[in-house]
Amino acid sequence: MAGNLIARSVHDLTAAAWFGGSLMGAIGLNGAAAEAKDPSERTRLSSAGWMRWAPVQTAAFATHLAADLAIAFENKGRIAKQDGVARDTVIKTAVTVAGAAVTLYSGILGKKVEKLAAEGGEGATEPRPGASDELKAAQQQLKALQWVIPAFAGAVIVLGAKHGEMQRPKNVFAGLQR
């Protein structure tokens, strides 16, 4: 049991940080920033909060990747031989990489909003009338991505749980019989 305990724990905790952090940011941080009286404070405060979170999220991604590799190495035999494990590993990897790319792109958009924060906004992701096209585009994209990111993170968590279920003895046995 101890062989994968640390790697699995790190894997799940880092995915949880990605999921929880993105939801808290979308609901709590962006929602609270939208309450600021000064429109320029709405974008500035949201950007400042997300920039404080970025190093933690980056560390979580890097640690998640390391844990994924450790788990895959420990399970290389199952990946090669148990029916469905290789397919699900590829799917989970693709979802993780796509989610990481979307999260990275969101950070790039966030930097644009931070640069243009003085223009202000109706909210953290809602442009105000008269905002530059660059700020409007960044905020409109962030408005969608703030919900797409936790969907990716949630999918990674569910796929990780599926991998865990595939390790139950009855599922290993059934998968090796095919």
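Here is a short friendly conversation about the predicted model shown above.

Me: Before we start, how are the residues numbered, and which pLDDT limits apply to this predicted model?
Reply: Residues are numbered from 1 along each chain as its sequence is written, and side-chain values use heavy atoms, with hydrogens and water left out. As this is a predicted model, totals for chains, interfaces and linings use all residues, side-chain atom pairs count only at pLDDT 80 or more, and local features need pLDDT of at least 70.

Me: Happy to have that settled! Which pattern does the secondary structure follow along the sequence?
Reply: Helices (H or I, at least four residues) and strands (E, at least two) are DSSP runs, numbered from the N terminus. The protein has six helices and zero strands. Read along the sequence, the pattern is α-α-α-α-α-α.

Me: What radius of gyration does the protein have?
Reply: The C-alpha atoms fill a box of roughly 65 × 25 × 20 Å along the principal axes. The radius of gyration is taken over C-alpha atoms, and the globule rule is 2.2 Å times the number of residues to the power 0.38. A compact globule of 178 residues would come out near 16 Å, but the protein has 20 Å.

Me: And what percentage of the 178 residues is buried?
Reply: Here buried means under 20% relative accessible area, exposed over 50%, and partly exposed in between (1.4 Å probe, protein chains only). Counted that way, the buried share of the 178 residues is 37%.

Me: Let's look at helix 5. Where is its kink centred?
Reply: Helix 5 covers residues 133–166, and its 34 residues reach 49 Å from first C-alpha to last, close to the expected 50 Å. That expected span is 1.5 Å times one less than the number of residues. The bend at a residue is the angle between axes fitted to the seven residues ending there and the seven starting there. Helix 5 has a kink of about 30 degrees, centred on Leu145.

Me: How many salt bridges are there?
Reply: A salt bridge is a side-chain nitrogen of Lys or Arg within 4 Å of a carboxyl oxygen of Asp or Glu. Among the residues involved, Arg87, Asp88 and Lys162 are linked in a network. By this rule, the count of salt bridges is seven.

Me: Which residue forms a salt bridge with Glu41?
Reply: Glu41 is partly exposed at 25% relative accessible area. Its partner is three residues away in helix 2 (residues 39–74), a separation of about one helical turn. An α-helix has 3.6 residues a turn, so residues three or four places apart point the same way. The side chains meet at 2.8 Å, N to O, and the partner is Arg44.

Me: Which residue forms a salt bridge with Asp68?
Reply: The closest N and O atoms of this pair are 3.1 Å apart, with Lys92 as the partner of Asp68. The pair links distant parts of the chain, with Asp68 in helix 2 and its partner in helix 4 (residues 85–115), 24 residues apart. At 5% relative accessibility, the buried partner is Lys92.

Me: Which other residues is Lys92 in contact with, leaving aside neighbours within four places in sequence?
Reply: Contact means heavy atoms within 4.5 Å. Lys92 lies in helix 4. With those neighbours left aside, its contacts are His11, His64, Asp68, Val156, Leu159, Gly160 and His163.

Me: Is His163 buried or exposed?
Reply: His163 lies in helix 5. Neighbours within four places aside, His163 is in contact with Arg78, Val85, Asp88, Thr89 and Lys92. At 14% relative accessibility, His163 counts as buried.

Me: Back to helix 4: which residues is Thr96 in contact with, leaving aside neighbours within four places in sequence?
Reply: Thr96 is found in helix 4. Its relative accessible area is 12%, so Thr96 is buried. Neighbours within four places aside, its contacts are Trp18, His64 and Val156.

Me: One last pair: how far apart in space are Leu13 and Phe61?
Reply: Leu13 lies in helix 1 (residues 2–33). At 60% relative accessibility, Leu13 counts as exposed. Leu13 and Phe61 are 48 residues apart in sequence, and their C-alpha to C-alpha separation in space is 11 Å.
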